[in-house]
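Open the model in your viewer and keep the selection box ready. This tour tells you what to pick next and what is there.

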Amino acid sequence: MQNALERVPLWRDGWRGSGRLVLLLDFDGTLAPIVARPELARMPERTRRALDRLMAMEGVEVAVVSGRGLADVRDLAAIPGIAYAGNHGMEIEGAGLHRIHPEAAAARPELEEVSGLIGRALAGIDGAFVEDKGLTLSIHYRQAADREAEVRAAVHAAADGRPGLRVTGGKMVLEVRPRVEWDKGRAVLFLLEQMRPPADAPILYLGDDRTDEDAFRALDGWSANAEGVLIADPLPEESAAKSRLHEPAEVGALFEALAEGIRELGNRE
């Protein structure tokens, strides 16, 4: 898989030709490194400065698409004036948008019941805990990796057999979600329908986890200039992304390269 930094000239030329550059960004593992406690995640200053510089340029549009709850990711990312898609896009707000998936909202009572059951089951497992994100639950066990089997058993015992819910997995986390036809891919398509970028505009989705593969695949059908950038080392066996970065620290370098390239092009004109 090609290094994303090698594709900067192509994206830069597309940005100049179309007048638009769209960046759709996951938060954890992309804008911010993965940390033991989700509330401690922070975007590196280099990444923030480079993103601020990009957003000050003409034609750049940014949205954050995260598995976190909407209010949580908005507070942590703290990027003003953009749309945020939280809970894998089941709630979207900002930049004139406001959408909550109605079926996901209707599943809230059942989700509360499951949250209580899992919380009690995990009470004796240090380092494992339930994060209630409103429309979904995240069960973290990064600090209790040696008891993963017990955590998984507790989650499935509480959630399996409920027709309105499903269990999915991520990096040292399990999620209990409403069983609705919605994911990051559908959220990305919804955002792009509102943004209406030109057909030849570069559209980049940066993400690091299995849930981001839905967004990578969705972009494949949007346009030839839309693509996923996977942040991962080592690479998974399969991915719908077209390029990669090794770690979140390189995301800032990518933003810098994009901004510098456009500045240099402007100086030559």
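Contact here means heavy atoms within 4.5 Å. Keep that cut-off in mind at the next stop.

**Stop 1: helix 8.** Select residues 213–220, which form helix 8. Glu-213, Ala-215, Phe-216, Ala-218 and Leu-219 are buried there. What covers these buried residues? Show helix 7 (184–195), strand 11 and strand 12, which are included in the cover. Remember as you look that this is a predicted model.

**Stop 2: the whole chain.** Zoom out. The protein chain has 9 helices and 13 strands. Its radius of gyration is 19 Å, close to the 18 Å that the globule rule gives for 269 residues, so the chain is as compact as a globular protein of that length. Along the principal axes, the C-alpha atoms fill a box of roughly 65 × 35 × 30 Å. Buried residues make up 54% of the 269 residues. Now show the surface. The accessible surface comes to about 11,700 Å², and 49% of it belongs to carbon and sulfur atoms. Next, think about contacts between residues at least 6 apart in sequence: 61% of them join residues at least 24 apart.

**Stop 3: confidence.** Color by pLDDT. The mean for the protein chain is 94, and 97% of residues reach 70 or more. Where does pLDDT stay under 50? Select residues 264–269 to see that stretch. The model has 4 contacts beyond four places in sequence for these residues.

**Stop 4: the open sheet.** Switch to cartoon view. Find an open sheet of 9 strands, with mixed pairing. Trace the order 1-13-12-11-2-3-4-5-6. Which strands stand at the edges? They are strand 1 and strand 6 (97–100). Each has a single partner strand, so one side of each is left without a neighbour in the sheet. Stay at strand 6. It is joined by 4 bridges to strand 5 (residues 91–94), and the two run antiparallel. Pick Glu-93 and look across: His-98 in strand 6 stands opposite.

**Stop 5: the largest core.** In soluble globular proteins, nonpolar side chains tend to be buried together. Here the largest nonpolar core has 36 residues. Select Leu-23, Phe-27, Leu-31, Ile-79, Leu-206 and Phe-255, the residues with the most contacts inside this core. Several elements give two or more residues to the core, including helix 1, strand 2 (21–25), helix 2 (45–55) and strand 3 (60–65). Helix 9 (249–268) is another of these elements. Helix 9 gives the most, with 6 residues.

Now center on Leu-23. What does Leu-23 touch, leaving out residues up to four places away in sequence? Its contacts are Leu-51, Leu-54, Glu-61, Val-62, Ala-63, Leu-204 and Phe-255. Apart from the largest core lies another, of 29 residues. Select Ala-83, Leu-97, Ala-226 and Ala-240, which are among them.

**Stop 6: two loop residues.** Select Arg-7, in the loop between strand 1 (2–3) and helix 1 (8–18). Is Arg-7 buried or exposed? Buried means under 20% relative accessible area. At 16%, Arg-7 therefore counts as buried. Not counting residues up to four places away in sequence, Arg-7 touches Gln-2, Glu-227 and Ser-243.

Move on to Pro-44, in the loop between strand 2 and helix 2. Pro-44 is partly exposed, with a relative accessible area of 26%. Beyond four places in sequence, Pro-44 is in contact with Leu-31, Ala-32 and Pro-33. Draw a distance line from Pro-44 to Pro-33. Their C-alpha atoms are separated by 8.3 Å, and the two residues are 11 apart along the chain.

**Stop 7: a hairpin and Val-155.** Select strand 9 (residues 165–170) and strand 10 (residues 173–178). They run antiparallel, joined by 6 bridges. Pick Thr-168: its bridge partner in strand 10 is Glu-175. The two strands form a hairpin with 2 residues between them. Met-172, in the turn, has a positive phi of about 55°.

Finish with Val-155, in helix 6 (residues 148–159). Val-155 is buried, with a relative accessible area of 0%. Leaving aside neighbours within four places in sequence, Val-155 is in contact with Ile-118, Ile-139, Val-167, Leu-174 and Val-176. For a last distance line, pick Glu-250. The C-alpha atoms of Val-155 and Glu-250 are separated by 35 Å.

How values were computed: Residues numbered from 1 in each chain as written. Predicted model: local features only at pLDDT ≥ 70, side-chain atom pairs only at ≥ 80, totals over all residues. Heavy atoms only, no water. Buried < 20%, exposed > 50% of the residue type's maximum accessible area, 1.4 Å probe, protein only. Core = buried A, V, L, I, M, F, W, Y, C linked by side-chain atoms within 4.5 Å. Pairing = 2+ DSSP bridges. pLDDT = per-residue confidence, 0-100. Rg over C-alpha atoms; globule rule 2.2 N^0.38 Å. Areas by Shrake-Rupley, 256 points an atom, 1.4 Å probe, with all protein chains shown as cover.
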